[in-house]
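Hi everyone, thanks for letting me take a few minutes today. Please have a look at the sequence and the structure on the screen, and then we'll walk through them together.

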Amino acid sequence: MIPNIIKDNKKALITATISIVITLTLSLTFTVNITNNTINILQEKLNQTQEQLDDNSTRLDILEKFVEKNV
């Protein structure tokens, strides 16, 4: 009877360990996906900000040239 209990405990421990590993893997995958999505959103925002900065820089250059010509 005791050997059967030990076998059952080993099976339960293996099953629990596999469940924990699967849960942790899914959690890590979910976290990585959220992180990648966040990085992509931030990269897009950075690109938009850089485009705005470039546009503003171009406008500033045009205004400086205009001022130089008219002053």
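Let's start with Ile14, which sits in helix 1. Keep in mind as we go that this is a predicted model. Is Ile14 buried or exposed? Ile14 is exposed, because its relative accessibility is 53% and the cut-off for exposed is over 50%. Ile14 also has partners: together with Ile18, Ile22 and Leu26, Ile14 makes a nonpolar surface patch of about 400 Å².

Now move along to Val32, another residue of helix 1. Val32 has a relative accessible area of 39%, so Val32 counts as partly exposed, the class between 20% and 50%. Here is a nice distance to try on your own screen. Pick the C-alpha atoms of Val32 and Asp8, which are 24 residues apart along the chain, and you should get a separation of 36 Å.

Next, the charged side chains. How many salt bridges does the count give? The count comes to one. The side chains involved belong to Asp55 and Arg59, with 3.4 Å from N to O. That falls inside the 4 Å cut-off, so the pair qualifies as a salt bridge. Where are these two residues placed? Both Asp55 and Arg59 lie in helix 1, which covers residues 2-70, and they are four residues apart, about one turn of the helix. As for their surroundings, Asp55 is partly exposed at 36% relative accessible area, while Arg59 is exposed at 51%.

Let's zoom out to the whole chain. The protein chain has one helix and zero strands. Its radius of gyration is 30 Å, well over the 11 Å that the globule rule gives for 71 residues, so the chain is more spread out than a compact globule. You can picture this with a box: along the principal axes, the C-alpha atoms fill roughly 105 × 10 × 5 Å.

What share of the 71 residues counts as buried? The answer is 0%. The accessible surface of the chain comes to about 6,800 Å², and carbon and sulfur atoms account for 65% of that surface.

One last item, on charge. The chain carries 7 positive and 8 negative charges, and the mean positions of these two groups are 20 Å apart.

That's my tour, and I'm happy to go back to any part of it.

Key: Residues numbered from 1 in each chain as written. Predicted model: local features only at pLDDT ≥ 70, side-chain atom pairs only at ≥ 80, totals over all residues. Heavy atoms only, no water. Buried < 20%, exposed > 50% of the residue type's maximum accessible area, 1.4 Å probe, protein only. Patch = residues over 30% accessible without salt bridge, like charges linked within 9 Å, V, L, I, M, F, W, Y side chains within 5 Å. Areas by Shrake-Rupley, 256 points an atom, 1.4 Å probe, with all protein chains shown as cover. Rg over C-alpha atoms; globule rule 2.2 N^0.38 Å. Lys, Arg positive; Asp, Glu negative; His and termini not counted. Charge placed at Lys NZ, Arg CZ, Asp CG, Glu CD.
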